[in-house]
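Reader: I am new to this structure and should like to learn how its features are read. May we go through them one at a time?

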Amino acid sequence: MDQKSQHLEHERGSWGSNFGFLMAAVGSAVGLGNIWGFPYKMGMTGGFAFLIVYLILVVVVGCVVMLGELALGRKTGRGAVGAYMQFSKKHKWVGFLGVIAGFCLLAFYNVLGGMVMRYMFGFFFEVVGIDGFAGQGTGFFGFLLYDYGGMLFFHVLFVIINILIVMGGVESGIEKFSSVAMPALFFILLFVVVYIAFQDGAAEGYAFMFKPDFSAMSGFSGFLNVLKTAAGQMFFSLSLGMGCMITYGSYLDKKEDLQKNAIIIPACDTLIAIMAGMAVLPACAAYDVPYASGPGLLFTSMQQVFTNMGEFGAFVGFLFYFLVFIAAVTSSISLLEVVCTYRIDRAIDKGVKPNRQKITCIAAGLIFVVGLPVALDALGSGGAIFPAPFEIIGYQAAEGYKVPMAIDCWLDFFDTISEGVLMPFGALAMSVLIGWVYKTKKAVVPECEQAGHKFWGYGFFNVCFKFIVPAIMILVLVAQVIDFFVPKPL
Ligand code: PHE
């Protein structure tokens with residue numbers, strides 16, 4: 001690095017404290033994946049059996065990839081692309097795939113964030129006496145999808161909120177926001193969990209989650225199904241495989257204990273996912289809404305729950321969507337940061353002072369434009385102002401089969417590229433590079449032993465990097481590709 005670049009290093013920014021870093025990293029991890037994906041996948045995959053497999057995977061894959069990413073980031077002081085480049089120019093593409101994954105993920109995450117805001121405001125107006133939202137019942141979801149003005153308005157609003165936070169920088173933007181928002185999210189969720197616990201019929205939901213029942217895992221294919229669903233959910237929920245934690249790790253002070261942080265973040269993320277399950281599943285049980293209602297859970301099912309709840313339904317509904325909104329923003333800013341950091345690092349490496357404001361606006365603007373079809377195709381329900389991918393290419397589903405997920409709507413299209421392919425591939429590439437090419441001893445150990453910290457987990461982490469993570473990530477990659485590309489029966 002030449003002198004000029006060195007002089008510019010502080011332009012990247014850094015976390016003000018370890019607590020601030022943790023709030024930002026947990027904020028990235030805790031997102032729609034926890035509050036939406038976790039309960040619905042648990043609902044569809046047999047409750048308790050899913051939970052147990054999930055917990056094991058968090059330990060043997062989640063914490064390991066987390067540590068690997070944080071170590072790569074902090075060691076090199078660079079985001080996704082720059083970090084791999086410091087090891088070898090030949091590996092730069094792994095980082096690039098991460099930036100592309102972040103870009104595609106954010107293209108649809110922004111739209112979902114906007115929809116969550118729409119529900120949040122809907123219940124808010126209901127609370128302050130402007131009626132009409134709850135009364136529309138679950139039909140509202142279908143209405144919203146074709147209400148292009150509404151979809152666009154909230155999409156724009158969500159993107160602007162993201163820009164304002166990320167423009168503020170690492171410490172005064174992301175860290176400041178997360179340090180207030182994450183504790184708030186925790187207490188609101190706690191309130192909702194306790195409130196739901198007092199509703200008649202909630203107990204059935206807890207039994208579903210916690211009563212030992214392994215029937216979903218009967219037979220090898222049953223086991224494989226639980227394993228792949230839990231593994232896919234786990235690494236998405238922990239924001240792994242696309243350089244997000246590399247980026248956040250690159251802003252962390254050398255004196256902080258990396259191993260401890262790599263355990264705390266997954267632990268908090270898992271706690272919030274279980275709490276979300278304890279809010280959503282018992283609520284469904286109490287108000288006669290089926291658990292396994294799939295992706296519609298966050299919008300239609302939960303709205304039904306709050307409508308059936310009666311007197312306090314609108315207020316609890318508002319709180320619920322408010323906390324989902326917080327979860328979505330703290331995740332989307334981490335995605336935007338991955339893309340921005342790539343440009344910021346590049347400027348610094350060229351000896352040019354980076355303009356964070358400008359970079360943030362351009363990146364967010366581009367992602368917004370790419371996300372427009374997601375907001376305008378009515379999730380592929382047909383007859384929308386913007387055609388879904390399968391409509392554009394004129395794909396005809398075979399008799400009795402659905403259109404493959406990869407092309408059934410733009411949301412699933414971008415999800416296929418990011419969550420389906422690039423993220424599991426990124427986690428696989430990272431663990432192979434650390435375990436076999438850079439070597440855990442060189443790439444991770446020195447970082448974990450900074451400032452006299454003890455790296456007591458070396459043996460465990462090393463075996464996981466070399467064998468366990470690659471094996472599980474190959475399984476996830478194959479399973480996701482099949483899930484997204486192979487047409488399913490109707
Ligand atoms: N972890 C986030 C969630 O659970 C999603 C995410 C993935 C965010 C990758 C950043 C990076 O919703």
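Author: Let us begin with charged pairs, bearing in mind that this is a predicted model. The structure holds 9 salt bridges. In general, side chains of opposite charge can pair when their charged atoms come close.

Reader: Which residue forms a salt bridge with Arg-78?

Author: The partner of Arg-78 is Glu-9, and their closest N and O atoms are 3.0 Å apart. Arg-78 belongs to the loop between α4 and α5, and Glu-9 to the loop between α1 and α2, so the pair ties together parts that are 69 residues apart in sequence.

Reader: How should one read two packed helices?

Author: They are described by the angle between their axes and the distance between the axes. Here the axes of α6 (residues 92–127) and α8 (residues 148–167) come within 8 Å and cross at roughly 110°. The two helices, α6 and α8, are therefore roughly perpendicular to each other. Residues making the contact include Tyr-109, Met-117 and Phe-121 of α6 and Phe-154, Leu-157 and Ile-161 of α8. By class, this contact has 11 nonpolar, 5 polar and 1 charged residues.

Reader: Which residues make the nonpolar surface patch?

Author: Phe-124, Phe-125, Val-127, Val-128, Ile-130, Phe-191 and Phe-315 make this patch of about 600 Å². Helix α6 supplies the largest share, 3 residues. Val-128 is placed in the loop between α6 and α7.

Note on methods:
Residues are numbered from 1 along each chain as its sequence is written. This is a predicted model: local features need pLDDT of at least 70, side-chain atom pairs count only at pLDDT 80 or more; totals for chains, interfaces and linings use all residues. Side-chain values use heavy atoms; hydrogens and water are left out. Axes are lines fitted to C-alpha atoms, for helices over the stretch in contact, and angles run from 0 to 180 degrees between N-to-C directions. Helices (H or I, at least four residues) and strands (E, at least two) are DSSP runs, numbered from the N terminus. Angles under 35 degrees count as roughly parallel, over 145 as roughly antiparallel, 65 to 115 as roughly perpendicular and the rest as oblique. Contact means heavy atoms within 4.5 Å. Ala, Val, Leu, Ile, Met, Phe, Trp, Tyr, Cys and Pro count as nonpolar, Asp, Glu, Lys and Arg as charged, and the others, Gly among them, as polar. Patches are made of residues with over 30% relative accessible area and no salt bridge: like charges are joined within 9 Å, nonpolar side chains (Val, Leu, Ile, Met, Phe, Trp, Tyr) within 5 Å. Accessible areas come from the Shrake-Rupley method with a 1.4 Å probe; for residues, only the protein chains shown count as cover. A salt bridge is a side-chain nitrogen of Lys or Arg within 4 Å of a carboxyl oxygen of Asp or Glu.
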